[in-house]
Amino acid sequence: MKHATQIKSIPDTYYKRRRLAKTAWVYSALLLIAITTLGTFAIAFMASLKDNALSEPTNFNFGQVRPSNWVGALNLGLAGNNAPLFGGFAPGADISFEITYAVSDDDSFATPVIKIPRRRPGTGMAAALTTNYAADYAIVTSPVLIEQQDNVNYTLKRGVKKDFLKGKSATWRFSVKYQGEGPVIDTLPLDITTPRSQMLIDSTLDPSRFERRGRVASWVNMSPGLIGYVFRSYVRVWNESVSLETGQSLFLSWTSNSFFIALAKVLLTVVIACTAGYAMARMSFIGARFLFLLMIFSMTIPGQVTFISNYEIFNALGILNTPWAVITMLVASGQVLIMKQFFEKFPRELEEAAIVDGASPLAILVHVFLPLAKPALASIIILGFQGAWNDFFWPMVVLTSPADVYTLPVGLLSLRNAYGVAGDWSLILAGSFLTTIPVLVVFIIFQRHFTGNNIGSAVKG
Amino acid sequence: MISKALQRNFYGWMLVLPFVLTLLVFFVFALIRTVSYSFTDYDLFSPANFVGFDNFINLLNDELFLRATINTVTFSLVVTVIQTVLALGLAVLLNSKIKGKTFFRTAFYVPSILSSASVTLIFIWIYQKNGFLNGFISQIVESTPYIVSAILCFFILQTVQVIHHRFIGLPTRFFDPLLAIISLFITVVMVYITNRTGLITSTPMAISMNWLGSRDDFGPMPVTLWAITIQNIYTTVPTIMLLFLAGLQTIPSDLYEAAEIDGANKWQQLRHITVPQLAPVTFVVVTLSIIGTLQMFDQVALLGTSSPLESRITLAYYVYHQAFSDSGTPQIGVSSAAALILGALTLVIVFIQNKFGVKEKS
């Protein structure tokens, strides 16, 4: 510090630059945190697009993100079923496909062996219901050599090991045709077998995986369409989990259950919270103090303490496994508290005039208070929707069978149990992301009600 | 007058009636029933027999119950402490005078709005043995040579610059923000060059840590619960951050101005103004956080059989497990007794926190 006295005055710019630099650090820190929070979802979302979410977890350059594959998938879907988005294999299909292989210079090419395997699509409940196989209707033309090149650089992959080699390449073309009349088939699997040293370096659509130590290149669906290719897991989660009795998409049932339950719950909550909150805030009645204490007490006691009795009530009523068991089990203590605290802030004069006019309390609530309570109402509606949509414990207790009656979170648990063992994480992740969409939409539209100061003021009291 | 008062009472009760009914049926009645079941051997099907305190005594001899209790209390304390501190730090950072606060506030908040089911599944994927986290850690370990040399490089550059500044008489501190940017920039360039020229090399690594399926403990908790801890913090910190942020905006700015005149640095301001002024919010946050974490259930249920029961079980799950486990008859008596202990534990810990922990008034 001895030196500091040597310079008489430190220039203003010295401090100004430091302040700017400091702001830059604050921004970087905030950005880093934002990347961590949103990045977690981003990487999981990317993984949900992969054919296998657990393969090479830190590699994000895979088939589904490459535009060349988008074009390929679109054209193949068009050729297979005249459906550029969702693809398929329909009568009249004539799908032309090109594959390019490379070998080292002192090796020779072997003509690839092409096969449409008789394979069940996916691992889920839909697999059990599959009756039509593409293999029964498809004929494959023998591959025609259309191009050869020398001096080609290519990468030989063996597990995680990569070798960069130089050699020659050859391109074949073949077509898959739908023979005669028949049903439209969703997936058209494809296997192409070559010797081990012959490496697939390019194709109309990248293969889903390599099998048998790289000898077999395998496509889950060679006419997927754009969405069918990029969002395959999402299409699968929608189509593949079906009710074994009705054949209807379970995910569709879960979504409509969740919507119905959440909306009905919000409606009930609003009625209860407004009436009770108003009475507790503006009217003195015998037992009001006791009721307030009981309400606070009910908020501290975990739902697991009271669930057995409630389960028995709904069991006795015979409405287990119906949406009503979830909708009516509603103790809206938290929301009543928010409305009570909001109504308490209004001045006395507000209702006095109405009382003189002889208006009933209900009329005062509806005509005087509710129009002024829009911010608090918005808060309890939005937070109530979010809470009901995300609710897990109670729906899991009362909605057990059949699988059609689940809500989305309970459905996710069943997906996790059905597919987790098989390691089919693309599908589980896809289900998770689909589940979050409604809440995300509500959040984006009403975000100031989430992040505004309403919640803070409600808690601070 | 009497009729006026009667009328007021009547209207008051009519308006709270829907709420009171739900409260009586689903809470008071349910609580009484839980108490009465806890002294019986009820199993939902056959009539209940009074067994006195047997259920409670059996619980105290049940290793799984003791494990669940220890897990629950430790989890609650660990999560509450970490997430309160992190949320406060984040709120203070976000409260600095910068533009674009709304964007960051929104971005940070996203994990809080999503269902615990979705977020838990995403985290279970991240924690898989061949999942993203192990892959990410592998890459970090793999690039240790680069990271170590980068840190060394940064500190050398910073030291040289600061010494130079001091020498010419500027009052520059060691972590000067401007010099740090310069040091960082040069460091990045240097590491890039050493990487391209092959001066420093790294060897591929494959870490395959068992996050969810392990029976091991790490410190006071099973490894599995630590994994859940991270997820829980990730989803709850944003909510608490918002509460702190609302609290921060109520602190009068002249307090800070006065402190600045008295020569208090940022750290002292945080300790002596921000934290005491936020005491009412902190009190609410800590209380809510304790209540919330003591009933942790969703994550445990979603983990399912991929983790051993004893390394993920909490009291809330134990209660459910005794009542609706897949095997055997429902043990409603035992379950109710455990539920009561969970409820009592919540009240006791909240009471202790109010008495000896963070106070509402500082």
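Let's start with disulfides: the count over all chains is 0. A disulfide needs a pair of cysteine sulfur atoms within 2.5 Å. This is a predicted model, and it scores ipTM 0.90 and pTM 0.90. Below you'll find the cysteines, the aromatic rings, some backbone oddities and a sheet in chain A.

**Cysteines and confidence**

- Are cysteines such as Cys274(A) buried or exposed? Cys274(A) counts as buried because its relative accessibility is 5%, and buried means under 20%.
- Over in chain B, Cys153(B) is also on the buried side of that cut-off, with 14% relative accessibility.
- For chain B, the average pLDDT is 90, and 98% of the residues score at least 70.
- Here's a reading tip: where pLDDT is low, don't read the predicted coordinates in detail.

**Aromatic rings**

- How many aromatic pairs does the structure hold over all chains? The count is 57.
- To picture any such pair, you use the distance of the ring centres and the angle of the planes.
- Take Phe60(A) and Phe132(B): their centres are 6.3 Å apart and their planes are at 50°, which makes the pair tilted.
- Why does this pair join two chains? Phe60(A) sits in the loop between α1 (12-49) and α2 (67-81) of chain A, while Phe132(B) belongs to helix α6 (residues 132-142) of chain B, so the contact goes from one chain to the other.
- The two partners have their own surroundings: Phe60(A) is partly exposed, with a relative accessible area of 25%, whereas Phe132(B) is buried at 13% relative accessibility.
- Another tilted pair is made by Phe53(B) and Phe56(B), with 6.1 Å centre to centre and 55° between the planes.
- Phe53(B) counts as exposed because its relative accessibility is 54%, and the cut-off for exposed is over 50%. Its partner Phe56(B) is buried, with a relative accessible area of 17%.
- Ring pairs can also link up into a cluster, and one here contains Phe307(A), Tyr311(A), Phe392(A) and Phe393(A), along with Phe297(B), Tyr317(B), Tyr320(B) and Phe324(B).

**Charges over rings**

- Phe60(A) turns up again here: the charged end of Lys50(A) sits over its ring, 5.4 Å from the centre.
- Which residue lies over the face of Tyr14(A)? That's Arg18(A), at 4.0 Å from the ring centre.

**Backbone oddities in chain A**

- As background, most residues other than glycine have a negative phi, and most peptide bonds are trans.
- Now look at Ser401(A) and Pro402(A): a cis peptide bond joins them, with omega about -5°.
- Where is Pro402(A)? You'll find Pro402(A) in the loop between α14 (393-398) and α15 (408-419) of chain A.
- Glu56(A) isn't a glycine, but its phi is positive, near 40°. Glu56(A) has its place in the loop between α1 and α2 of chain A.
- Asn82(A) isn't a glycine either, and its phi is positive at about 55°. Look for Asn82(A) in the loop between α2 and β1 (94-104) of chain A.
- Is Asn82(A) buried or exposed? Asn82(A) is exposed, because its relative accessibility is 62% and the cut-off is over 50%.

**An open sheet in chain A**

- In chain A, 4 strands make an open sheet with antiparallel pairing, in the order β2-β6-β9-β8.
- Why do β2 (113-115) and β8 (209-211) of chain A stand at the edges? Each has a single partner strand, so one side of each has no neighbour in the sheet.
- From one strand to the next, the twist averages 25°.
- Start at one edge: β2(A) is joined by 3 bridges to strand β6 (residues 190-193) of chain A, and the two run antiparallel. Lys115(A) stands opposite Asp191(A) in β6(A).
- Then β6(A) is joined to β9(A) by 4 bridges, again antiparallel. Thr193(A) stands opposite Val216(A) in β9(A).
- At the other edge, β8(A) pairs with strand β9 (residues 216-219) of chain A over 3 bridges, in the antiparallel sense. Glu211(A) stands opposite Val216(A) in β9(A).
- Put those last two contacts together and you'll see Val216(A) facing both Thr193(A) and Glu211(A).

Methods
Residues numbered from 1 in each chain as written. Chains lettered and ligands numbered in written order. Predicted model: local features only at pLDDT ≥ 70, side-chain atom pairs only at ≥ 80, totals over all residues. Heavy atoms only, no water. Buried < 20%, exposed > 50% of the residue type's maximum accessible area, 1.4 Å probe, protein only. Phe/Tyr/Trp six-rings, centres within 6.5 Å; stacked < 30°, edge-to-face > 60°. Lys NZ or Arg CZ within 6 Å of the ring centre and 35° of its normal. pLDDT = per-residue confidence, 0-100. Pairing = 2+ DSSP bridges. Axes fitted to C-alpha atoms, helices over the stretch in contact; angles between N-to-C directions.
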